[in-house]
Amino acid sequence: MSDTTDTTPSTTFDHDTAREGSHAAERDFTPDGRPLPPKRDENLVSSVSAEQVTGEASLWSEGWRVLRRNPMFWVSAVIIVAMIIMALFPQAYLWFYNGDPNPDGVCTLSNSVNNPNAPNGGRPSTTNWFGFDIQGCDMYTKTIIGARISVFIGIIVTTFAVVIALIFGTLSGYYGKFLDTFITRLTDIWFAIPTILGGIVLLSVMGTRGMWQVAFVLTVFGWPSMLRLMRSQVISTKEEDFVMASRSLGASNMRLMVRHILPNGITPVIVYATIFIGSIITAEAALSFLGVGVALPAVSWGLMISQAQTRILQAPHLLFFPGMALAITVFGFLVMGDALRDAFDPKGR
Amino acid sequence: MSDAGEKELHLGGGEAESELRVDLDSREPVLDVRNLVKHFPLTQGILFKKTIGHVQAVDDVSFKLFPGETLGLVGESGSGKSTVARTLLRLHEPTAGEAFYRGRDLFKLSHSEMRAVRRDIQMIFQDPYASLNPRMTVGDIVAEPWRIHTGIVGKNEQRGRVAELLELVGLNPDHINRFPHQFSGGQRQRIGVARALAVNPSVIVADEPVSALDVSVQAQVVNLLEDIQNEFGIAYLFIAHDLSVVRHIADRVAVMYLGRMIEVGEEDPIYERPVHPYTQALLSAAPIADPRRRQESDRILLEGDLPSPSDPPSGCRFRTRCWLFNQMAEEDGDESRIGKCLTDDPRLEDRGFDHPSACHYPAERQIIETVEAPA
Amino acid sequence: MSTATTSPSAQSSTETIAGRQVDPGAPLLEVENLRVEFRLNTGTVVANDGVHYTLKSGETLAILGESGSGKSVSAQAVMGIIDSPPGYVTDGSIRYRGIDLLTLPENQRRKVRGNHISIIFQDALTALNPVFTVGFQIAEMLRVHRGTSKSDAYKAAAELMDRVKIPAASERLDSYPHEFSGGMRQRVMIAMALALDPAILIADEPTTALDVTVQAQVMDLLAELQDETGMGLILITHDLGVVAEVADRVAVMYAGRIVETGDIDDIYHMPAHPYTIGLMESLPQLDVKGSRLVPIPGSPPDLTRRPSGCAFHPRCRYAQQVCVDEDPALTPPVPGMDRRLSACHFSEEAINVRRR
């Protein structure tokens, strides 16, 4: 434990009566001759002082202490780090894998699960861990490569949503009045459009559908909830006495927002953003499954699941591996969100 | 230290009263509040807000604060005492009125002019848990005034000055890098005092500074505030609901009820010879911490609750709960005397006693028997 | 009053509660050596340790203590409403008219709650259910515990509200808690607590959230109801003024223990524990002018780090080495002074400090 206890006696207080008599035996008497208790023994040996200053250094380190002790945090952290490495450096998962007969990315139809003569019928084996898909592509390689679009879209969309929330949510909550009315009504209207439905409409009229287009569309429909959370945090924090105190000192609006309101209001947003990454990854998969996500020849888990749908009974591995990858990733982010909330925002539970 | 503390006035009736007035007027007030009004609009509607009424939080309140003195502002919840404080510091914009600080009307200052004046008028808050930013160290909190008002204390000297201030308020200067939640309630309130002292203010507005603290710790903070006043001659506007604490610390006392100031005067007259029926009831309801002095028999019990400040009673605002009003209504059976209470709004003015009050029928009444403290 | 009660002590001696024989000679409530622990992941907090007091019919016992002294925990233990986990009563006995409540099974214990011992809290708004009318909530007590018919229960509810002096009681039966002011809500709580004619009412900081004029109304009401019913009242508070106005006996708590008990006048005029002495000297008084306050240095201890020996020693102006090393027992300050108990190594001398 990094708890610190201050054991140096405080210099604050006068045991003024105690100063004079240091001998325990020396007694005073009341005017009518009754005995009074002895003055405080100046040489008292005690491990505690009247004033104690205790606890963790800061709220962040206090939170980190709680987080460290939570096994679910470590489980989700491992998952998230593994998935981010997979997205950034897929080679880290492929260099030791010898099952893919076509590491250059071109697939051989003879390996397709539709071909009865394919190795092991295209199903998972000790050489081809995840089997082959209909085009004869190695499923392990595809699953690893597919992480990039899913994870990137989740992070890109969340980053944009957080930035929008930080700027407009803070301004809206801090200044109130017309700006706030305008922004909150706008989000109300936006809330009425379901993300997936809006995504389908917007994406189906787009010419090209790459990662950035999908990320753009999900940002367009996903930003309001984050903004509303940020705004309500700012509104409740700006009424706190410490903000009032700084305001009465003459602090500028910028100082109040940056030094006082944001640091104290941001934790629920961080927690929500973590969970938001998970739900955006799911949304991307849903759009791909519905055929309006990233277009072929891109590789994404949603797309793989979509392609698996015609062969689910004959070749369940086509669904299983990308499905599991997706589920584990989303699970990782959701659990991380919960762990962060327990540690940094216990009130929000 | 100014002459505020030295006054020993035990004045009775009319002739001595003019003497008191001369005495008060001969001093230059550091803060002169005139006819302060703060109404909060009650709104309805989503997109286009419509005002459907006003909460009359503070209505026509005037008072003066003299250098080095403590003016106690007492009242129950809903009396508007905290709104007075916050409006003075322009944490709320006033609806009407003037507040002169060294000859300048605070309410007419531009934001940048006000910023400069804020150095001189500091505030201490009620809740020592809420009034310190939990993400900042004690050093940063106490030094914040210098980051806002640059040029008072140079960057390099700040740490040393913070340590001095912490020592002044009775905290260990080694704790400069600690965070507020590591301290106890009383220690946190000391941090708040240190922050207020950082810019050498001439006025401190203390909004219930000790009411969140335990009795044993409360006395530490009260003593600290007294010591600081003696050392630096700071004037306090001390807002509290605890009449005992106010009696202990205040030189003058102002009593508020439903947004109005209803009686104001030196500490002794208010506590020993109150003339307003509300002040009398308030004093009578306050428990006395001595079982031998239980005052069960002659306690004035107020009936009912505070009326809504958005729709205050006509005439005298206190009449709906006034024991004197009820007594007169019973005695007369008509409106001969109480008619005035129903229609005329009593102003806070001289009514032939040693201090002003806002009642049509003021009468001295001794509620508590004061004893001198044993040496 | 229609719901008048006879004092419990006047009832027949063959009475049983929860299947146990009432001891007619026993005091109304006797708490002995009570120990309550909270097992948190940061460590075990002993919130009550050796808490000890008795209450007689018609008596008002004030449990006086500052925040964190464990005064509310002891009330919750008597009521049997401590959240478990993390809270556990690990030692001691709570005897209601001779019956140890801690040995009763939970379903029997529930019958004691409300019927025999009731509690009111500081914050009436959170203690009342916001979605039911107050009439329904009061009537519910009677219907559940007594099986009273709906119309009779509502009639009784109106009478109870009248008894706690809520104006136009029968018209306000259908009002919701938020439609009442703070003082009126506290009266509704009192009406609910009194619905089943308990022999003991525990009032946990009943007026702390109220303004002083309303506080006076509520305290007067409690005293009046106590006179009518002869119930025992346990008043838990930090307010020395309120205690001085209403209590017969006082138990002072510090850091989870009772440090001093005695009759009200004795506690105020010859306190025998340095903590009580300190409280008296640090209190600004309405009717006393001119003195400088003498605070107790430091802050109350964190119960996860209770000081050794006498927990007050770090702040005590009389502390000696023995106070650090040995835990003082709760004993009469002067031999033979049997209505007083004090837990101080120097209580025999301390009692002279403020003797008046």
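In strand S11(C), which residue is the bridge partner of C:Ile63? The bridge partner is C:Ala251, and the tour begins at that pair.

The model is predicted, so local features are described where pLDDT is at least 70 and side-chain atom pairs count only at pLDDT 80 or more, whereas totals for chains, interfaces and linings use all residues. Residues are numbered from 1 along each chain as its sequence is written, and chains are lettered from A and ligands numbered from 1 in the order in which they are written.

**Stop 1: the sheet of chain C**

Select strand S5 (residues 60-64) and strand S11 (residues 249-254) of chain C, which pair in the parallel sense over four bridges. Helices (H or I, at least four residues) and strands (E, at least two) are DSSP runs numbered from the N terminus, and two strands pair if DSSP finds at least two bridges between them. Strands of a sheet pair through backbone hydrogen bonds, either parallel or antiparallel.

Extend the selection to the open sheet of seven strands, whose order is S8-S9-S10-S5-S11-S12-S14 (chain C), with mixed pairing. Its edge strands, each pairing on one side only, are strand S8 (117-120) and strand S14 (341-342) of chain C. Add helix H1 (residues 71-79) of chain C, which packs on the sheet and touches S5, S8, S9 (200-204), S10 (232-237) and S11 of chain C. The direction of H1 makes about 150° with that of S9(C); axes are lines fitted to C-alpha atoms, for helices over the stretch in contact, and angles run from 0 to 180 degrees between N-to-C directions.

Next, select C:Leu61, which is found in S5(C). With 23 C-beta neighbours inside 10 Å, C:Leu61 counts as buried. A residue is buried if 20 or more other C-beta atoms lie within 10 Å of its own, exposed if 12 or fewer, and partly exposed in between, with C-beta atoms placed from the backbone. Not counting residues up to four places away in sequence, C:Leu61 touches C:Tyr53, C:Leu55, C:Ile234, C:Ala247, C:Arg249 and C:Ala251. Two residues are in contact if their C-beta atoms, placed from the backbone, lie within 7 Å.

**Stop 2: from chain C to chain B**

Select helix H11 (residues 274-282) of chain C and helix H7 (residues 215-232) of chain B, whose axes come within 9 Å and cross at roughly 45°. That angle makes H7(B) oblique to H11(C); angles under 35 degrees count as roughly parallel, over 145 as roughly antiparallel, 65 to 115 as roughly perpendicular and the rest as oblique. The crossing is left-handed, that is, the near helix is turned anticlockwise from the far one by less than a right angle (right-handed if clockwise).

Show B:Val215, B:Ser216 and B:Ala219, which meet C:Gly278, C:Leu279 and C:Ser282. By class, this contact has three nonpolar, three polar and no charged residues. Ala, Val, Leu, Ile, Met, Phe, Trp, Tyr, Cys and Pro count as nonpolar, Asp, Glu, Lys and Arg as charged, and the others, Gly among them, as polar.

**Stop 3: strand S9 of chain B**

Six of the six residues of strand S9 (residues 252-257) of chain B are buried, so S9(B) is largely enclosed by the rest of the structure. B:Arg252, B:Ala254 and B:Met256 point one way, and B:Val253, B:Val255 and B:Tyr257 the other way.

Add strand S3 (residues 70-74) of chain B, which pairs with S9(B) in the parallel sense over four bridges; B:Gly72 stands opposite B:Val253. Strand S10 (residues 260-266) of chain B runs antiparallel to S9(B) and is joined to it by six bridges, with B:Met256 opposite B:Met261. S9(B) and S10(B) form a hairpin with two residues between them, and B:Leu258 in the turn has a positive phi of about 50°.

**Stop 4: from chain B to chain A**

Display chains A and B together: 28 residues of chain B are in contact with 27 residues of chain A. On the chain B side, helix H3 (111-118) and helix H4 (138-148) are the elements that give two or more residues, and H4(B) gives the most, with three residues.

**Stop 5: chain A**

Finally, select A:Lys238 in helix H8 (residues 211-238) of chain A. A:Lys238 is buried, with 21 other C-beta atoms within 10 Å. Leaving aside neighbours within four places in sequence, A:Lys238 is in contact with A:Tyr174, A:Val243 and A:Ile261.
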